[in-house]
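I opened this notebook to record what I looked up about the empty spaces and one helix pairing. The entries follow in the order in which I made them.

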Amino acid sequence: MTAGIEDGDRILEGYWDIDRLVADLGAARTRWRQEQQHHAEYGAEGFPSRANLTKIMLSLCGALFPLRLGPSFVRLHNEDAFVAETLQTVLSRLYGQIRLELIYALKGEPATVVDREAARIISGFAQSLPALRILLDTDVDAAFLGDPAARSVDEVLICYPSMLAIIHHRLAHRLYDLGAPLVARIISEIAHSRTGIDIHPGATIGRSFFIDHGTGVVIGETAIVGDRVRLYQGVTLGARSFPADEKGALEKAIPRHPIIEDDVVIYAGATILGRIIIGSRSVIGGNVWLTESLPADSQVRQARAHYEVTSRAEATAPHRVHALVADGGDGIAQNI
């Protein structure tokens with residue numbers, strides 16, 4: 001079978017052979033599945049959908065903050081009704097996504113076991129929502145108090161990409177703890193793609209967490225972050241090495257990321273690697289590379305670079321300098 005592409009007045013034939021493409025792609029899938037049987041795919045049942053989880057997260061954000069992140073028709077008099085209707089729908093849809101993950105994870109288990117486990121997870125998640133809203137309120141307050149550019153808590157909630165990332169992380173982390181790590185990881189990647197902030201759902205983060213600007217922040221799976229911690233853009237809380245087993249495969253889920261204690265500030269571009277401890281109230285300066293633990297109340301700064309200051313006027317076209325001086329521009333030529 002061939003297909004054509006219309007090009008002006010001509011039909012170009014034979015640009016692809018659909019039968020051959022379908023056969024070759026099928027062979028590639030078969031070969032992959034045979035090589036990865038411990039990661040068997042369940043195409044007949046489906047798989048958690050990133051598109052569906054994106055919609056679910058949008059609805060959950062609206063249910064948590066109906067007047068700010070919900071639809072425009074929500075007002076004080078109808079917000080409870082909106083939250084009730086939204087949660088009834090969105091939790092059912094989330095249950096379906098969790099169930100698809102469990103079909104993948106609980107290979108060979110009867111449907112009753114899958115359903116029971118999915119019900120346990122969605123029930124625990126739903127009951128956690130009020131506490132998660134209270135926890136998120138501390139994050140909004142931390143951003144408002146920590147950023148002199150913030151004019152209101154509403155501005156923080158609506159405008160700050162870090163709040164979107166933190167909301168997604170709080171919800172994803174709860175699902176991760178309850179036993180739905182794949183759904184949780186998809187949720188974290190939704191926020192990552194929208195904000196440039198990459199927080200693994202396994203990371204444990206305390207109250208009043210604030211990321212200023214946020215782009216390029218990376219927080220690894222086993223990182224532990226205390227209360228009232230503030231990060232700036234480009235901060236990495238990463239792993240220093242990746243131990244492998246006797247077959248050369250990387251060992252999973254071992255503690256390999258930093259522990260950041262309470263009231264720590266980490267400035268832009270800092271990289272902190274390995275299972276080290278940054279003591280309470282420490283300040284880590286910009287662009288610092290750190291692989292050793294610090295006691296409480298430490299301050300780490302990058303060594304001052306040696307640099308030379310010269311006049312740009314000396315390197316500027318002489319006729320421009322002379323013209324500025326002739327016009328009486330006192331000192332202007334020094335700043336060209």
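Before assigning any lining to a helix, I noted that helices are DSSP runs of H or I with at least four residues, numbered from the N terminus. I also kept in mind throughout that this is a predicted model.

Entry on the pocket. I looked up the largest pocket and found that about 300 Å³ of space lies in it. It is lined by 14 residues, of which His-200, Glu-221, Lys-252, Ala-253 and Arg-256 are the closest to its centre. I then asked which helix gives the most to this lining, and it is H8 (residues 181–195), with three residues. Sorted by class, the pocket lining holds eight nonpolar, one polar and five charged residues.

Entry on the cavity. My count of cavities of 30 Å³ or more came to one, and the largest cavity has a volume of about 50 Å³. I listed its lining as Ala-165, His-168, His-169, Ser-188, Ala-191, Ile-197 and Ile-199. Helix H7 (161–178) and H8 each supply at least two of these residues, with H7 giving the most, namely three. By class I recorded four nonpolar, three polar and no charged residues in the cavity lining.

Entry on the helix pair. For H2 (residues 50–64) and H4 (residues 79–105), I found that the axes come within 9 Å and cross at roughly 150°. Because angles over 145 degrees count as roughly antiparallel, H2 is roughly antiparallel to H4. I noted the crossing as left-handed. The residues of this contact divide into nine nonpolar, five polar and one charged; among those that meet are Leu-53 and Ile-56 in H2, and Phe-82 and Arg-93 in H4.

Terms used
Residues numbered from 1 in each chain as written. Predicted model: local features only at pLDDT ≥ 70, side-chain atom pairs only at ≥ 80, totals over all residues. Heavy atoms only, no water. 1 Å grid on protein atoms, 1.4 Å probe; cavity = no way out; pocket = protein on both sides within 12 Å on 5 of 7 lines; lining within 4 Å. Points joined across faces, edges and corners; volume = space filled by probe spheres on them. Helix = DSSP H or I, 4+ residues; strand = E, 2+ residues; numbered from the N terminus. Nonpolar A, V, L, I, M, F, W, Y, C, P; charged D, E, K, R; others polar. Axes fitted to C-alpha atoms, helices over the stretch in contact; angles between N-to-C directions. Parallel < 35°, antiparallel > 145°, perpendicular 65-115°, else oblique. Left-handed = near helix turned anticlockwise from the far one by under 90°. Contact = heavy atoms within 4.5 Å.
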